[in-house]
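I opened this notebook to record what surrounds the ligand. The entries follow the order in which I looked things up.

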Amino acid sequence: MEKRIASYFSQFKVPAEVISFVDRPVGHYIGGSEVHTTSDQIDLIEPFTCERLTGVANGTVADVDLAVRSARSALTGEWGRLPPLERQRLILRLADAIETDADVLSHLESIDVGKSISEARSIDVAGAIANLQYFAGWTSKLDGRTTKAVALPGETLTYTVKEPVGVVAAIIPWNFPLQILSWKLAAALACGCTIVCKPSEQTPLSAMRVAHLAAMVGFPAGVINVVNGFGHVIGQALAAHKGVDKVSFTGSTPVGKAVGKTSLDSMKRLTLELGGKSPVIVTGKANLDRAASAILSGVFLNSGQVCDAGSRVYVHRSVHEELVHKLWTGAENLPVGAGLDPASKITPLVSPAHRNKVFDHIGSAHAEGAEFVTGEMDSESQRSDGIVRPTIFDNCSENMRIFRDEIFGPVLGVSHYDTLDEATDRANSGDFGLAAAVYSENIDETIMLSRRLKAGNIYINAHGLLDPTMPFGGLGASGFGKDMGAEQLDGFLSTKSIYVQVAGHSTTD
Ligand code: NAD
């Protein structure tokens, strides 16, 4: 282990089990065990020290093929024959195992992504447990319907059955690796599918840990597989593989479009959860303390690396100055530091390359005339810890990149408006439609705006709330299909219609 990482780990008393999990080459998880098919490794860089943490297998198309075959044979084998209540029991046991392993998993998530260990525990790990617990209950409720045919002659029995869609490829981004894995895993398993997961090449550790835990609690070999490697190789091979029945992708819009095209070439079922640039409307009737606090957590959670981050604020002219002042003081008071420090809220971004991208956006906001309020002044910071301080610009407009592009970092743009019609038109401009938020103490305003805003998720006097019962997904360039909620189940099930002609009876017998 490299020097700065060793001293970072010792400062924050990283458990020995975490160190032994990362201090080795990480392989794939295929057919019920970790396999090392290659010595070719991708370096994993720890975001706070910017040093090499470990290496992860640089997988190939052959690894994908092995994993898909393994998932297929589990589907037609023991897993496919398990009664729903047995599936439920296994999923609940996995949730329990994650709970027992919470300390290890939150450390892994923090050192892989750079994120706050407190958030890793309270959001990522807790969210994964809740998803598994919620979807475990669905295993026994996936009934079809019996219909009364209305246009058929004679006596018939007409009914539908729900069947697992088959082998699912889950392609996962780096910002919430464990939680987003659990979105796909919980529903796919509940429906009786088997799964091949492709974590981001930057953050594979929690998926590998979950695969080990699943084997430990008794999941049959091949039900949960993890193939590591680069997206254009592993993700692309999964989208193209004829043995994959469904692709559930979460990631950026350009990659999602490419994955969608490849998947449709072989007529796979498809869910695309893509990027966002979520607007926030603060009316003249908002409680500004409440609004400022929720806006700050909605845009700076996970250091801004959140798909539904409320990153462009439209505030009524009458309260504009006051809100900006509250946002400014709130942002300056956010604790900045290492991910493993439980007090930190703003932590290193996932990689130096991503940090450069965020600085490029900050540079463009300065250049395009947005008014700097607080945060990173220069287009390149001198800091060596991977952190970008929470940055706010005022007087932004839709022709600036800061108000158009997904930045995926701790950068907030603000603008003022005069009428609610203007605010909604401007909020609805742009290609994305993932989320939107409204702050107002007037119930009529909140209901009217929630109807007018074009987004899959609307938050009122809050931002970024998530619950396993609520479907999450976007419109337009933010993709289609849902994760979580009962609506997600449809994405992992096929409905078969069965017609039985009853012989020898007429309706008058
Ligand atoms: P990304 O699109 O670069 O990568 C996502 C996944 O796709 C990774 O596993 C990557 O290895 C893989 N991939 C890359 N190229 C591929 C290819 N050619 N074929 C198949 N797979 C490929 O996204 P990212 O940078 O990891 O994540 C950030 C993006 O994810 C942001 O745009 C964010 O908004 C989005 N996101 C969306 C949601 C949502 O629910 N809508 C949630 C989290 C993140």
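Entry 1. I looked up where the ligand lies with respect to the domains, whose bounds come from an automatic or database domain assignment. Domain 1 (13–274 + 478–495) and domain 2 (279–460) both contribute residues to the shell around the ligand, so the ligand lies between them.

Entry 2. I noted the basis of the values. The model is predicted: local features need pLDDT of at least 70 and side-chain atom pairs pLDDT 80 or more, while totals for chains, interfaces and linings use all residues. Residues are numbered from 1 along each chain as its sequence is written, and side-chain values use heavy atoms, with hydrogens and water left out.

Entry 3. I looked up the shell (residues with a heavy atom within 4 Å of the ligand). It holds 29 residues, and the closest are Ile172, Glu201, Ser252, Leu274 and Glu406.

Entry 4. I then looked up polar contacts, that is, pairs of N or O atoms within 3.5 Å. An oxygen atom of the ligand is 2.5 Å from a polar side-chain atom of glutamate 406. For serine 252, a polar side-chain atom lies 2.6 Å from an oxygen atom of the ligand. In tryptophan 174, a side-chain N or O atom is 2.9 Å from an oxygen atom of the ligand.

Entry 5. I checked the cover by accessible area (Shrake-Rupley method, 1.4 Å probe). On its own the ligand has 840 Å² of accessible area, and the protein covers 88% of that.

Terms used: Polar contact = N/O pair within 3.5 Å; in protein donor to acceptor, adjacent residues only side chain to side chain.
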